[in-house]
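Okay, thanks for making the time, everyone. Let me put the model up and then walk you through the salt bridges, the interface and the domains.

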Amino acid sequence: MAQVTLRKIIKEYEGGVQAVKGIDLDIADHEFVVLVGPSGCGKSTTLRMIAGLEEITSGEIDIGGAVVNDVPPRDRDIAMVFQNYALYPHMSVYENMAFGLMLRKFPKEEIRRRVENAAKILDIGMLLDRKPKALSGGQRQRVAMGRAIVRDPKVFLFDEPLSNLDAKLRVQMRTEIKKVHQTVRTTTVYVTHDQVEAMTLADRVVVMNHGVIEQVGPPQELYHHPRTRFVAGFIGSPAMNFIPATVEARSGGLVLRLPQGIELAVPAARVAKYQAYAGKQVTFGIRPEHLTDTQHVSKADIAIFNAAPEVVEPMGMETLAHIRMEGAEICARLDPTVPAAPGVPMPLAADMGNMHLIDDATGLVI
Amino acid sequence: MAPDSSAAVAPARPPAARPPSNAMKRFARRRSTIAFLMTLPLISVIAGLVAWPASYAIYLATLNRRMTAFIGLENFDILLDNETFRAVIWQSCFFAITAVLLKALIGFWLAHMLHHLPTKGQRKWRGMLLVPWVIPPALSTLGWWWMFDPSYSSINYLLNAIGGPSIPWLGSPWWARISVIIVNVWYGAPFFMIMYLAALKSVPEQLYEAAAIDGASGWQGLRHITLPMMQNIISITVLFSLIVTFANYDIVRVLTNGGPRDLTQVFASYAFQVGVLSGNIPRGAAVSLFMFPLLAFIAYFVLKGVNQRNKEMA
């Protein structure tokens, strides 16, 4: 077990393209940190630099108190689970799991004990004699995890390990990974582009974009208090609605003027915070669950306006209404009992207590 | 799948209701019939150029010198009693096994080097290294013959230039055997190289990364990942090369013509000498068939292993 520290890490490829632009990150012992972001944001490169599979252009990586910049992967005492599992096809499940221990010259009895123990945790005891070809995607995933567990390394690295699984298995394996971490408590760095995986697994989520860290924090903090427009839009599904708005001062308070003449009152508690933006163009952000039908809201700070959904998607436990506005397409989460039909105007309630205002010039949440 | 399923449903219908023309149509539409018809040209070529000559050679090997009487395995009996032929067996095995081993090792080394070159330079080197394989061997062997010439040997010239002695490349039995092997390796190593290069490229990079993280050094990666992953290609290439090298004729014929004193004869050159030059075609056929059972036996087990690994890994 160990902590991992990244200091001013830069990765520059030939031709001057920077994949990672000087990131700093402290990962505590036993912590489960998820790096999340869109394709090309530098999350996998960062993970591979921690693993030693990519050289660092500049900066410092510290694992368990020792700088490992020039330490080869085999001496970093890490274990990695790859996106396509990277199981050795010519070896049985047992041999796959035992390979790392065999190379480290562990006694045969110890290898057997560790493999059987990991197989028990992952419920793959009956697969030990099979070759990877004879396994399903989920079973291969377990074996890849087993290969990591038996090593009892300082750090687990996961590179999009669930991407190749179908939706149902992904949810199941997500739970398995969380269970395993609760059991073995090894420091874990997990890379994914799926924000749901990030939210459900992480102690802390690191949102990356264009080679920089946008925000680091516990999942709930990122969800409720995003610092940038990118984080606000990336975390949450369906994504946060962004509507161009103008802040206007009205008799001691503030209102947001949205397209189509819609006006929403800013809660009194936020007036002081937004006062400086009076008269300015901003982006109004609100999550779909904070934009709902008027029949099922009873909170204060509710602003009501009329809109006609363009598309209505009944999901069972909720109904999603997609509304086209001038300059924006927004999504509202309605109670499934509320009758909503395409093209038929209906009153919508915006929970302004959960609104976000984004400075268009900086992209930061105000 | 459709034609198969229709064929499976067909027996449920009363057979009497089907007119013969329909049955013919169904037969013609069956996937196995179509597959057979489409491979028929190839089957004909193989039958005409491989099966028939092979069967004819077996038939010839059982005849007497004048090809007038069936004498069973007597030709083989006589050959085994012949001291020269026993030397040919030994020489052929020494030549084929040494040459194939060297080709495999050099081919693997070249493939490994090429694989680790940047893509830009790789094509250029690959092209240059393939040159020996694309030159007709009779022609290139003639070049080597000049280089091994007792009076004008360029190799000896270089050896002398660095203070070394002249070597009777084609004059002494052992040097002549080594010369034949050198030319065969020079000619055949690029084939191994190109096959191994393709195999190396098909090993997923992530396996090496996983092995590196598991603690494997470069050598351990080669031993535990590269070689097992290439095992099928290595087996097939070695088998193919072994068969071709055992049957090699042109290099020996051009370089040494079997000499000195028949000490570089291999099966093919000796079969030519006995069968064509000495006019004993049945015995020549027996010489050329001598290794067939052993090679067929080896081929069976190698291909069985390849199939087994394919089933387990692919």
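So, Arg7(A) comes out as partly exposed, because its relative accessibility is 35%. To be clear on the words, buried is under 20% relative accessible area, exposed is over 50%, and partly exposed is in between, with a 1.4 Å probe and protein chains only. Please keep in mind that this is a predicted model, where local features need pLDDT of at least 70 and side-chain atom pairs count only at pLDDT 80 or more, while totals for chains, interfaces and linings use all residues. Also, residues are numbered from 1 along each chain as its sequence is written, chains are lettered from A and ligands numbered from 1 in the order in which they are written, and side-chain values use heavy atoms, with hydrogens and water left out.

Back to that arginine. Which residue does Arg7(A) form a salt bridge with? The partner is Asp26(A), and the closest N and O atoms are 3.1 Å apart. By salt bridge I mean a side-chain nitrogen of Lys or Arg within 4 Å of a carboxyl oxygen of Asp or Glu. Arg7(A) lies in strand β1 (residues 4-12) of chain A and Asp26(A) in strand β2 (residues 18-27) of chain A, so the pair ties together parts that are 19 residues apart in sequence. For the helices and strands, we take DSSP runs (H or I, at least four residues, for helices; E, at least two, for strands), numbered from the N terminus. Asp26(A) is partly exposed too, at 39% relative accessibility.

Here's another pair in chain A. Arg112(A) forms a salt bridge with Glu116(A), with 3.3 Å between the closest N and O atoms. Both sit in helix α3 (residues 108-122) of chain A, 4 residues apart, so about one helical turn separates Arg112(A) and Glu116(A). Arg112(A) is partly exposed, with a relative accessible area of 38%, and Glu116(A) is partly exposed as well, at 40%. Going back to the strands for a second, salt bridges that share partners join Arg7(A), Lys8(A), Asp24(A) and Asp26(A) into one network.

Now, are Arg48(A) and Glu54(A) buried or exposed? Both are buried, and they form a salt bridge with the closest N and O atoms 3.3 Å apart. Over all chains, the structure holds 22 salt bridges.

A quick word on chain A as a whole. Its secondary structure comes to 9 helices and 21 strands. The C-alpha atoms of chain A fill a box of roughly 80 × 45 × 35 Å along the principal axes. Of its 366 residues, 52% count as buried.

Next, where the chains meet. The size of an interface is often given as the accessible area lost when the parts come together. Between chain A and chain B, the buried area is about 2,000 Å², and carbon and sulfur atoms give 61% of that. That area is what two parts lose in accessible area (1.4 Å probe) on being put together, summed over both. Chain A puts 25 residues into the contact and chain B 21, where contact means heavy atoms within 4.5 Å. How many salt bridges are there between chain A and chain B? The count is 3. Glu312(B), for instance, forms a salt bridge with Lys131(A), with the closest N and O atoms 2.7 Å apart. On the chain A side, the elements giving two or more residues are α1 (43-51), β6 (78-81), α2 (93-103) and α4 (137-151). The largest share there, 4 residues, comes from α2(A).

On to chain B. The domain assignment (automatic or from a database) gives domain 1 (2-61) and domain 2 (74-313) of chain B. Their contact takes 4 residues from domain 1 and 7 residues from domain 2. The centres of the two domains, taken over C-alpha atoms, are 39 Å apart. About 420 Å² is buried between domain 1 and domain 2 of chain B, with carbon and sulfur atoms giving 77%. The rule finds 0 salt bridges across that interface.

Last one: Asn184(B), in helix α9 (residues 173-201) of chain B. Asn184(B) counts as buried because its relative accessible area is 2%. Leaving out residues up to four places away in sequence, Asn184(B) touches Phe95(B), Ala99(B), Lys103(B), Thr245(B), Asn248(B) and Ile251(B).
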